[in-house]
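Grab a pencil and have a look at the model below. Then try each exercise before you read its solution.

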Amino acid sequence: MLPLFLLNRLLVANDKGGVCNIYDANSFQLIGKVDFGDDADNVRYDSALKRIYVGFGSGGIGIINAVDGKQIGLVKLAAHPEAFELEKQGQLIFVNVPNARQVAIVDRVKGEVIATWKTDGAFGNFPMALDEANHRLFVGCRLPSKLVVLDTASGKTVTSVAISGDPDDLSYDRKRHRVYVICGAGKIDIIEQVDSSTYKPLAKIDTANGARTGLFVPERESLFVAVPHRGSRQAEIRRYQIE
């Protein structure tokens, strides 16, 4: 799900059916949809070009004109994309493609993959975050569980740090120079960025088994984590205050 505040739009990608629905953010009425055929997943907004990028299917990122809600392009990938990040000061998109065991680098002006990077011998690269100022890309891998730090200028591995199992969401806190990794093993791993090349585990916060989806909101200094319904445990959203 992606809110576009300036355009007063809300976009929701749907796995089954592959449709990305477009809603009016005030009335929540459906005002448009783009059919990608299968497994519409992560959504990102490029405010400079007013374009929306949607990962989908067996290997593609669809491009939507945010103003009129029409599909205007497609980037082909080697397999289904998971998390991806857009440069704000550049024109690249960094895309996790776990089934191809790579990070794909997309030039969003050319609309094509221009390079692929490896993740330090680790696989299952699902979550991702970007520290654009320091040219660092953070990739969470599941096999084995570790945070891999890549240099966005060269694609080379800077370092890696062991983390809890089943990482699924990852955020970079620019204010505190920290990386938050939400893991399905029931932990939030906090990694400290000592400098652009040095990272160390700072803390592990207990959550709940299977709680692996979340959102860091820097404006509220909060990390929200979705806890799924399991047995007698009810589904809930937990808010963790960042200190």
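Here come five exercises, each with a worked solution.

**Before you start**

This is a predicted model: local features need pLDDT of at least 70, side-chain atom pairs count only at pLDDT 80 or more, and totals for chains, interfaces and linings use all residues. Residues are numbered from 1 along each chain as its sequence is written, and side-chain values use heavy atoms, with hydrogens and water left out.

**Exercise 1: the cysteines**

Find out how many disulfides the structure holds, and whether Cys141 is buried or exposed.

*Solution.* Step one is the definition: a disulfide is a pair of cysteine sulfur atoms within 2.5 Å. By that rule the structure holds 0 disulfides. Take Cys141 as an example: the nearest cysteine sulfur belongs to Cys183 and is 12 Å away, and Cys141 is in no disulfide.

Step two is accessibility. Buried means under 20% relative accessible area, exposed means over 50%, and partly exposed is in between, using a 1.4 Å probe and protein chains only. Cys141 counts as buried because its relative accessibility is 0%. Cys20 also has a relative accessible area of 0%, so Cys20 is buried.

**Exercise 2: backbone oddities**

Work out where Phe28 and His177 lie, and which residues a cis peptide bond joins.

*Solution.* First, a word on labels: helices (H or I, at least four residues) and strands (E, at least two) are DSSP runs, numbered from the N terminus.

Start with Phe28. You'll find it in the loop between strand E3 (19-24) and strand E4 (30-35). Its phi is positive, about 65 degrees, although Phe28 is not a glycine. Phe28 counts as exposed because its relative accessibility is 55%.

Now move to His177, in the loop between strand E17 (167-173) and strand E18 (178-183). His177 isn't a glycine either, yet its phi is positive, near 55 degrees. With 37% relative accessibility, His177 counts as partly exposed.

Last, the cis bond: it joins Leu143 and Pro144, with omega at about -10 degrees. Pro144 is in the loop between strand E14 (136-142) and strand E15 (145-151).

**Exercise 3: a sheet of four strands**

Put the strands of the sheet that holds E13 in order, and say which strands stand at the edges.

*Solution.* Two strands pair if DSSP finds at least two bridges between them. Follow the pairs and you get an open sheet of 4 strands, E13-E14-E15-E16, with antiparallel pairing. Strand E13 (128-131) and E16 each have a single partner strand, so one side of each is left without a neighbour in the sheet.

Next, zoom in on one pair. E15 and strand E16 (residues 157-162) run antiparallel and are joined by 5 bridges. Leu150 stands opposite Thr157 in E16, and Val148 has Ser160 in E16 as its bridge partner. These two strands form a hairpin with 5 residues between them, and Gly155 in the turn has a positive phi of about 85 degrees.

**Exercise 4: a sheet of three strands**

Do the same ordering for the sheet that holds E22, then say where Ser232 is placed.

*Solution.* This open sheet has 3 strands in the order E21-E22-E23, again with antiparallel pairing. Its edge strands are strand E21 (213-217) and E23, and each pairs on one side only.

Look at strand E22 (residues 222-227) and E23: 6 bridges join them. Ala226, for instance, has Ile237 in E23 as its bridge partner.

Ser232 sits in the loop between E22 and E23. At 75% relative accessibility, Ser232 counts as exposed. Its C-alpha atom is 41 Å from that of Arg136, and the two residues are 96 apart along the chain.

**Exercise 5: the second largest pocket**

Find which element gives the largest share of the lining of the second largest pocket.

*Solution.* A pocket is an open set of points on a 1 Å grid over the protein atoms alone, where a 1.4 Å probe fits and protein lies on both sides within 12 Å along at least five of seven lines; lining residues have an atom within 4 Å of a point. The second largest pocket has about 190 Å³ of space, where a volume is the space filled by probe spheres set on the points, which are joined across faces, edges and corners.

Among the lining residues are Arg178, Tyr180, Leu202 and Tyr240. E20 gives the largest share, 3 residues.
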